[in-house]
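Biologist: I am new to this structure and would like a close look at a single part of it. Could you take me through a pair of packed helices, and then through some residues elsewhere in the chain?

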Amino acid sequence: MTDGLTGLAAMLNGALPGDAPLLPLFILLTSLLASPILFALPESAARLRTGINLGVAALKVALVAWLGFKVSQGVIYDIRFTMLPGLEFKLQADPLAILFVSLSAILWLITTVYSVGYLERGPHRARFFGFFSLCVAATVGIAMAGNLFTFLIFYELLTLATYPLVIHRGTAEALRAGRIYLIYTLCGGLVLLLGTLGLWVLAGTTGFVPGGVLEGLVAAHPLAAQALFVVLVGALGVKAALVPFHAWLPIAMVAPAPVSALLHAVAVVKAGAFGIMRVVYEVFGIETAQALGMTAPLAALAAVTIIFGSLKAITQDDIKKRLAYSTVSQVSYITLGVALASPIAAIGALAHLIHQGLMKITMFMAAGNLAEGLGVKKVSEMDGTGRAMPGTMLAFSAAALAMIGLPPLAGFVSKWYLAQGGLDAGAVWVVALLLGSSLLNAVYFLPMLHRAWFRDAPEPTGERAGAAEGAKAGTAPGPRPPVGWWLAGPPIVTALMVLAVGGFANAPFSPLEWTRFVVAIEYQE
């Protein structure tokens, strides 16, 4: 399978033409056109809204699966129109796009199921699902953007679509978080706009091309190229939550659990990390970026962020904030793998794009279940939650152990390739970094698991008492569970996916196998 994909990678470097170029547009339009319909539905139309949400999400998964199959057969999909001389709006479904758009489509379907259960009796459901659909459309557009100009359009749409989700509760705390989120992300977007204009001036194009578009210009304008690298990666580093641009992420955890899951696993932070991949691999090219001396500082920044995020996570009692700082750390594994300029490390980075999404969405949905079902929002309140909500906490435990790097779970696969890539690049310190990071992961995750499974639950008080009383209000044959299957099912499904992508990493069309395919293209092997 690997040899076949490597051979196909060589063919794709020759840019085979697409046989059905509108398929990426159809995938984008599924959620983009659903958004105004969902906005228009009255709050009382719950069944219709649920049907549209699930139907459109399932359709997107089916279309993405077909798109991935066609790309694996050597088809390149390309849609473009010229806006100004040398400036095009372009959608392109290349193998790197398929990796990200597949993650977005699958996790959107699962998160939609979870959101339906989470917001079953909540207010403003039409507004929530309208912006939720728009957010996914923006993410799909980012994944399939064929140049930096198109990427910028959807990148800013993502900012605007996620803001109403962050402030959904409408509290003073939520509004404050929304303001901070906008300040960070809009400033990052403005800098990205300047970088896009700089690229256009310097190269005459904003295209994404394996090997980069700046190779012939670096010798003549090395300082300009270095400045452009700093501008573009710095702008994307805001959403990727690189230190010192990370502060918005823990603050945004005031949002509902489905939004937190979306921000961390699918949309915002992944958009930043994915953008860094596109810039390093397809604007500069990895060899050019390395020749400019920019990959080593980027690797150092990623390393600092990995350790900083873990140290901050240890100090957090709020469950979602602990998970947020964990995301700050874990997403930087992706940047580290890109910056090491090793194809083996690149495999680890791309695999972690998928694996971290599965692990982190599981944990945020589980955290939402604890809050909704038991009123538990702090680590210090987690005693006995394993017996109270065994399915939810088994899912959380699997994801936490995977994050630590327990073999053969998903996180271990990513870290193994990153460590091997560090050795391949002559950066032995990467192995020490990953071991230290895994130790810190254990320090902040294992106490949570210990509380959940090995401590007795206290007498219910406050929100937990209210949740317990609600659980006792069921009918025969016994009390109803703390949460229904709309909420309990999704984290179990994603936890099983965490087990599968780790245990069957070498299976045909696994995320790891596809990342090898992508790396063969980006490194032009």
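Modeller: What follows is a walk through one helix pair and then two threonines. Please keep in mind throughout that this is a predicted model. The pair consists of helix H18, which covers residues 390-404, and helix H20, which covers residues 429-454; their axes lie 9 Å apart and make an angle of about 165°. Since an angle over 145 degrees counts as roughly antiparallel, H18 and H20 are therefore described as roughly antiparallel to each other, and the crossing of H18 past H20 is left-handed. On the H18 side the contact includes Pro390, Met393, Phe396 and Ile404, while the H20 side contributes, among others, Ser438, Asn441, Phe445 and Trp453. Sorted by character, the residues of this contact comprise 15 nonpolar and 3 polar ones, with no charged residue.

Turning to the threonines, Thr139 sits in helix H5, residues 125-144, and counts as buried because its relative accessible area is 1%. A polar atom of the Thr139 side chain lies 3.0 Å from the backbone oxygen of Cys135. Setting aside residues up to four places away in sequence, Thr139 touches Phe100, Ser104, Leu158, Val266 and Ala267.

Thr206, by contrast in setting, belongs to the loop between helix H7 (172-203) and helix H8 (215-218), and Thr206 is buried too, with a relative accessible area of 2%. Beyond its neighbours within four places in sequence, the contacts of Thr206 include Leu87, Asn147, Phe149 and Trp200.

Methods. Residues are numbered from 1 along each chain as its sequence is written. This is a predicted model: local features need pLDDT of at least 70, side-chain atom pairs count only at pLDDT 80 or more; totals for chains, interfaces and linings use all residues. Side-chain values use heavy atoms; hydrogens and water are left out. Helices (H or I, at least four residues) and strands (E, at least two) are DSSP runs, numbered from the N terminus. Buried means under 20% relative accessible area, exposed over 50%, partly exposed in between (1.4 Å probe, protein chains only). Contact means heavy atoms within 4.5 Å. Axes are lines fitted to C-alpha atoms, for helices over the stretch in contact, and angles run from 0 to 180 degrees between N-to-C directions. Angles under 35 degrees count as roughly parallel, over 145 as roughly antiparallel, 65 to 115 as roughly perpendicular and the rest as oblique. A crossing is left-handed if the near helix is turned anticlockwise from the far one by less than a right angle, and right-handed if clockwise. Ala, Val, Leu, Ile, Met, Phe, Trp, Tyr, Cys and Pro count as nonpolar, Asp, Glu, Lys and Arg as charged, and the others, Gly among them, as polar. A polar contact is a pair of N or O atoms within 3.5 Å; within protein, one must be able to donate a hydrogen and the other to accept it, and residues adjacent in sequence count only if both atoms are side-chain atoms.
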